[in-house]
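Biologist: Please take a close look at the salt bridges in this model. I should like each pair placed in its structural context.

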Amino acid sequence: MPGRIARLFRNLVRWRVVEQVLDEELQSAVDLLTEEKLKCGSPFAEARRQALIDLGGIEQVKEEVRAARPARFLEDMARDLRFAFRTMAKSPGFTAVAVLTLALGIGANTAVFNIVRELVFSPRPYPDEAQVVQFYSQDKGHPDKFRLFSYRAYIEVSGDSAVGAVFSGVLAHNSMTVGIGEGEDSRRAFVSAVSSNYFHTLEVPLAQGRAFLPEEEKPGSAVPVVIASHTYWKKTGFEPQFVGKTIRVNERPFTVVGIAPEHFTGTMMLFGPELYFPLGDYDLLTNGAQAQSKGSLEKRDLNGLFLVGRLKPRVTATAAEAVLRGVAANLEKAFPVEQTDQTFIIRPLPRSRTSIYPSDERDLKVVGVMLFALAAIALFIACLNLANVLLARGLARRKEIAVRFALGGGRGRIMQQLITEGLVLALAGGAGGFLIGLLSSDLSAASMSAHMPVTISLRGGLDPAVFVATLGFCALATVFFALGPACKLTRSGVLADLKEQAGQNPVSGRRRWFPRNPLIIGQVALSLSLLTTAGLFIRGALKAGSIETGFNADATILIEADAGLGGYDQTQVLQLYRAASDRLAAVPGVQSASIASIVPFGLVTINRPVQRAGARPTPNSHPATAAEGLAFNVRWSSVGADYFTTVGLPLLRGRAFTKTEAEIADSPPVAIVDEVLARRLWPGGDALGRHIQWAESGAPTAAGGGSGTMGVSNDVARNPEDSPSIEIVGIVPATRWELFQSAIGGQIFVPFAQGVRSNAFFQVRTAPNAPAADAAFFDLLRREVRSAAPGLPILTVKTFRQHVDANAQLWVVRSGAAMASLFAGLALALAVVGVYGVMAHAVVRRTREIGIRRALGAEPGEVRRMILREGLIMTFGGALLGLLLALGFARAFSSMLYQVSPLDPVAFTVAPAVLMAAALFACWLPARRAMSVDPIVALRYE
Amino acid sequence: METKRTDLLRGTLDLLVLKALSLEPLHGVAISRRITQITRGAFQVSFGSLFPSLHRMEEKGWVEAEWRASENNRRAKYYRLTSSGRARLKVEERDWNEVVKIMTAAVESA
């Protein structure tokens, strides 16, 4: 046995020697046979010929010997591989195209799937995920109104014995942005405050350290401890002995007591907090930023917590919900003021959001499916193109294959060899696809986290199942098409192939140019549909990018600062901002400066319900107009005195805020509204001079109103400190504040002092003939602010245009356009190659016919035109089909298009034009070749 | 290609080759001639069957090969029976006789 294995090895590794020895042996056999014949008196040539016949042909005998070897299969495989590599090296262009096509298709597919899987259906990082549910506090009278829970309510709910019977644990959490200290500066980060049983209830073991203690959870306890996410620890380079180190948050030191495990991103998937704090730190971390909701977590009327519970095994959600309803009823009886009309419901914990409102996340699945469909189409096109290229090449190799067939190569062997070639291509493409998949996953994760102040945890590496599936699909396709020539071979017969192929296929007249190649038609059609889709997305992205902001986007500079991150309190904040804006206004080159707490296209929106002053609709009435007491949800911001002049928004009527109003907190409450809101509140008359008030939470509100779909959106109802009567002193035009806004308008401004927020934006308007807003100017502004307000953390300085560009929604629109363009470009390139291949082959095939035409007097130009015309007609057929497909795609994607009709004429004319031009380009070279066919040479091929 | 004949002859071919080599080492062509000789012209083994068989037996260790000068001083690959080859020859002879006995009995009885 060992001897056999040794021989096997020898046969495989030292095959050259083995083959050579065999060759020598057979040559010597021929020589010996020749000798025999010579003895009989035949001349040498005849003797040798007879000898070869006697032997049966050297190659055939060799093949028989090889067939008898035990390691036949492996040997053949090895030989096939060598041949495959040689063949691939001989035509590098084809190989490159094929491998690249496969790699892009596989890579894109796997990368997209990676993201979609993570977001939509990968398993959660904790066990029994179906048992983890979120609680929602619902208004019984208005079932579409929900709110969060207070800490008191949380304690009562989680401590209830009936609840304890069905839930193994109930946790509370909320999220906020804070400033993490990095060296001198702070960077904004997304973090969570959680109850002490957070990790325990989710059944997530910490990687290091300990969870929070119950003492640390008590509101107001303010114990400066923190648990770091694994990603945060990774950012520090996996600092050893990280537990025990200090992190500076909002200019305060916090001690690390634990590290969360890898791939845990809290209650959401893919996105998550960088740090976890105990609930006791909630007031510490939020009061600076959310100056609207003053007050401690202690208070029963502060509803600031999300509740999540883990059902006990085999307990159903319906049963648990019944228990919760009972608890809610008890709470309502015990605390009639705070818990009026509140009932509790539970729903599965959402993957992609943390929201007051329950959602079935249907839109998520839709987006996931659409993304995946896009990638799958690209893959399909890649396979089509591969098929085309392989078939064309196969046809070109017919002669070679026919010769092998004639020499005695079995059909099985030939097919085996072609399969091996196909597999080698597929594997090479797969390797490339793997790399591309990895790269694009990382790139997209990095791109996403650059635009959002959260951590993205994309499970590294690619899903092996998907990769294998995609690779398998592509391998199948490749092999299937690579076998094409072998299949065609046996049908048409060897002789026909051995003869020159010029003009061999007799096809009757008219049908000559009819598409003989359905594959190319399909490819062209798909390419056009992708091109059109990309065109639509690009149009949308351009529209979104050049959106009419209503402001002078280039002359306005935004300086974002957050006093809360610097650890300042309310009163200090106002002083700081006053000093800084005064200083900024005095900088040479600055025409005017002001301040605003919320800016359009930002990450944060605040909505407040506003109604006519004195309106007090009866509890069960349904007011239909402002006069009857209807409230309107409007976008809120607090601004400085020169705000409207600084941003270039003209006052329609009335006046701007005075300096006193903007700087002194106790001034009489005033507001400026936009004309849309003014018309809503006083449809017939003038809102100027009238009075309004903030509506209470739960007041009947008109449908609609602004709500940011990306970023943080806070709904702030009436506070006890709010005044009952606010005078409208000015009316301004309506402007757009976010990208995806169905109706523009509905905005209210209050003086900055009457709505202080620690996170605010200085607005600086440069004078018309001032130096350009470049980096040096930005630095100057920074220095001025710092000298006026030392220690104030400055987050960013950019022009308003840059601020809009960095908007997350715009990023989504642009990414969609970029992806669609990438796929479309790929599809177009593939289609061009495909058309070229088909036309080139057609010209070669019809050399004889062309020769006849020339001989009969056709001009070279005529021949060229004929080829071009045929190529274009073929493309045209595909293009028509493509247009139909494009219409279908556009309809499907219409919700993702930004202000572009699915029948946009520009996209639908430019895309086909581009395609036809590309097809023309692809046909050009073959047409030229057709022109240069020498009729004499062509006709000689008989 | 005489595929059918090869199948039938494969078991017997090995026996014939071993027998042909039992006297003295021979090269491929000579083995073919010897087989024709010892079967009194009945079997003309094609080289497409002979060489694979030789190589197979060489793999199995029943024959050994060596390059030598032929009668006319040409280089040829001579095959020689090994000791296990001789043993194998005995086994094959015995098996063949068994088969002949069985087949004869079967044919005569029916």
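Modeller: The account below treats the salt bridges one by one and then turns to chain B as a whole. The model is predicted, so local features need pLDDT of at least 70 and side-chain atom pairs count only at pLDDT 80 or more, while totals for chains, interfaces and linings use all residues. Residues are numbered from 1 along each chain as its sequence is written, chains are lettered from A and ligands numbered from 1 in the order in which they are written, and side-chain values use heavy atoms, with hydrogens and water left out.

Side chains of opposite charge can pair when their charged atoms come close. A salt bridge is taken here as a side-chain nitrogen of Lys or Arg within 4 Å of a carboxyl oxygen of Asp or Glu. Over all chains, the search of the whole structure returns 35 salt bridges.

One of them joins A:Arg583 to A:Glu784, with an N to O distance of 3.0 Å. This pair links distant parts of chain A, 201 residues apart: A:Arg583 belongs to helix H21 (residues 570-585) and A:Glu784 to helix H25 (residues 775-788). Helices (H or I, at least four residues) and strands (E, at least two) are DSSP runs, numbered from the N terminus. A:Arg583 has a relative accessible area of 33% and is partly exposed; buried means under 20%, exposed over 50%, and partly exposed in between (1.4 Å probe, protein chains only).

In chain B, the closest N and O atoms of B:Glu24 and B:Arg34 are 3.0 Å apart, forming a salt bridge. B:Glu24 sits in the loop between helix H1 (3-21) and strand E1 (26-27), and B:Arg34 in helix H2 (residues 28-38), so this pair ties together parts 10 residues apart in sequence. B:Glu24 is partly exposed at 38% relative accessibility, whereas B:Arg34 is buried at 16%.

A further salt bridge connects B:Arg88 with B:Glu92, at 2.9 Å between the closest N and O atoms. Both residues lie in helix H4 (residues 83-109) of chain B, four residues apart, or about one turn of the helix. Here B:Arg88 is partly exposed, at 29% relative accessible area, and B:Glu92 is buried, at 11%. In chain A, shared partners join the salt bridges of A:Arg578, A:Asp582, A:Lys659 and A:Glu663 into one network.

As for the setting of the chain B pairs, chain B has four helices and three strands, in the order α-β-α-α-β-β-α along the sequence. Of its 110 residues, 43% are buried.
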